[in-house]
Number of protein chains: 2
Amino acid sequence: MQRTRFGDMTCSIARTMDVIGEPWSPLILRDVYVGIARFDQLQDDLGISRKVLAERLKWLVEQDVLERREYSAKPPRHEYALTPKGTELVNLLMVMVRWGDRWTAGEAGPPVLYRHHACGRIAHVELHCSECGEPMGPTDIDVLPGPASTPGDVRSTGIS
Amino acid sequence: MQRTRFGDMTCSIARTMDVIGEPWSPLILRDVYVGIARFDQLQDDLGISRKVLAERLKWLVEQDVLERREYSAKPPRHEYALTPKGTELVNLLMVMVRWGDRWTAGEAGPPVLYRHHACGRIAHVELHCSECGEPMGPTDIDVLPGPASTPGDVRSTGIS
DNA sequence: CCTCCAAGTTCCTTTAGGGAACTGACCCTA
DNA sequence: TAGGGTCAGTTCCCTAAAGGAACTTGGAGG
């Protein structure tokens, strides 16, 4: 379906989408994060086509988000694991979970809960400022052109 | 290309993907957030096909993420704006930007910067615990089944 | 030797994205 | 009042990507 390549845009959202924006990719990362790490396990947990699963895994390994490692050499068997780059993507999944819980979970409540090691409590994520530690959301910031801004592209002031 | 519907899965990631997971949707939200709000503006800022843009906008309005409002009645003209539900999605975009800046921006640096109103400094977002306020990432939590968990689906312990 | 298993690969059908042209409602101005 | 311009889509055709099922390969196990 001749999709536009997002990877070349001067926009961190587009470039992130290029890596994990295709259907199934975030769910694959979720599964690997919780320990569903082998091809057939992924295939039947997700119900994804084997063809598409193979394509996605290959891409995610190329992008250094997942690592393919042999866990048995005699019968050559492999499993997938998150790299540091991939582990940081799980932050994104946690924010997706938060939004999905608030706006799509309904009566039934959230499918999963997080217990925070540091305080032991059931919690969700919130966005805070890296500098002062206070909450920081879309309405708490000005967006300014950065070093790599392309004038006029996303207006003088673009998020990206 | 007969895509699997994610909206029915018991998983907040899948349900979030169902709303904004299609190609272009996050970029459309970004543009609306920064004030690129009309059909033709969006079309030429993004270079998206008009057909796909019309489909996406319709979907996002149905999902109550965007609102379509008339800004002129004489020549009937419309623009799009974020609803509260949509504004909270921008949190997700901010986390995408953070990841993209760290892992895909390279030499050139980030295309945009955020200035935090509260402290006035250039900053990025970090994930903190809603309960104790300390940092909280993928390696700082246990994932437990929640009220709406489906046993065995994402194993006993699934993120979702 | 026959069968099983994991991890893919191949093949075919269906459908969604790209791109460009077209439509319709309304303005302007000459 | 005829002609052109703008905005906001819609229609059409073509190609490429997703679904699904069957096939393949390299070994293990009985």
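# Working through a two-chain model

Going along the sequence, chain A reads α-α-α-α-β-β-α-β-β-β-β, where helices (H or I, at least four residues) and strands (E, at least two) are DSSP runs numbered from the N terminus. This is a predicted model, in which local features need pLDDT of at least 70, side-chain atom pairs count only at pLDDT 80 or more, and totals for chains, interfaces and linings use all residues. Residues are numbered from 1 along each chain as its sequence is written, while chains are lettered from A and ligands numbered from 1 in the order in which they are written.

## Exercise 1: confidence

Task: work out where in chain A the coordinates deserve caution.

Solution.

1. Start with the average: chain A comes out at a pLDDT of 90, and 92% of the residues score at least 70. (pLDDT is the predictor's confidence in each residue, from 0 to 100.)
2. Go element by element. Confidence is lowest in strand β1 (residues 66–72) of chain A, with a mean of 92, and highest in β5(A), at 98.
3. Now look for weak stretches. Residues 153–160 of chain A have pLDDT below 50, yet this stretch has 30 contacts in the model beyond near neighbours in sequence. Two residues are in contact if their C-beta atoms, placed from the backbone, lie within 7 Å.
4. Where pLDDT is low, predicted coordinates shouldn't be read in detail.

## Exercise 2: inside chain A

Task: describe how β1(A) and β2(A) pair, then how α2(A) packs on α5(A).

Solution.

1. Strands β1(A) and β2 (residues 77–82) of chain A pair antiparallel over 6 bridges; to pair, two strands need at least two DSSP bridges between them.
2. For the register, take E67(A): its bridge partner in β2(A) is A81(A).
3. The connection is a hairpin, with 4 residues between β1(A) and β2(A).
4. On to the helices. The axes of α2 (residues 25–34) and α5 (residues 84–104) of chain A come within 10 Å and cross at roughly 110°. Axes here are lines fitted to C-alpha atoms, for helices over the stretch in contact, and angles run from 0 to 180 degrees between N-to-C directions.
5. So α2(A) and α5(A) are roughly perpendicular to each other. (Under 35 degrees counts as roughly parallel, over 145 as roughly antiparallel, 65 to 115 as roughly perpendicular, the rest as oblique.)
6. From α2(A), P26(A), L29(A), R30(A) and Y33(A) meet G86(A), L89(A), V90(A), L93(A) and M96(A) of α5(A).
7. That contact splits into 7 nonpolar, 1 polar and 1 charged residues. (Ala, Val, Leu, Ile, Met, Phe, Trp, Tyr, Cys and Pro are nonpolar; Asp, Glu, Lys and Arg are charged; the others, Gly among them, are polar.)

## Exercise 3: the interface

Task: find what chain B brings to chain A, and how the helices meet.

Solution.

1. Count first: 82 residues of chain B touch 80 residues of chain A.
2. The largest share of chain B's side, 17 residues, comes from α5(B).
3. By class, chain B's side has 45 nonpolar, 22 polar and 15 charged residues.
4. Take α5 against its counterpart: α5(A) and α5(B) pack at about 180°, axes 10 Å apart. They are therefore roughly antiparallel.
5. Residues in this contact include L92(A), V95(A) and W99(A) on one side and L92(B), V95(B) and W99(B) on the other. Its classes are 12 nonpolar, 2 polar and 4 charged.
6. Helix α1 (residues 12–20) of chain A also packs on α5(B), at about 80° with axes 8 Å apart. That makes α1(A) roughly perpendicular to α5(B).

## Exercise 4: symmetry and strands across chains

Task: identify the operation that relates the chains, and the strands that pair between them.

Solution.

1. Superpose chain B on chain A: a rotation of 180° with 0.0 Å of shift along its axis does it, RMSD 0.0 Å. (The fit is least squares on C-alpha atoms of residues with pLDDT of at least 70 in both copies.)
2. That's the relation of a two-fold axis.
3. In chain B, the C-alpha nearest the axis belongs to L127(B), at 2.5 Å.
4. Both copies use the same surface: 98% of chain B's contact residues recur in chain A.
5. Strand β5 (residues 125–129) of chain A pairs antiparallel with β5(B) over 5 bridges, and L127(A) stands opposite L127(B).
6. There's also an open sheet of 3 strands, ordered β6(A)-β3(B)-β4(B), with antiparallel pairing. Its edge strands, each pairing on one side only, are β6 (141–145) of chain A and β4 (122–123) of chain B.
7. Within that sheet, 2 bridges join β3(B) to β4(B), and Y114(B) has A123(B) as its bridge partner.
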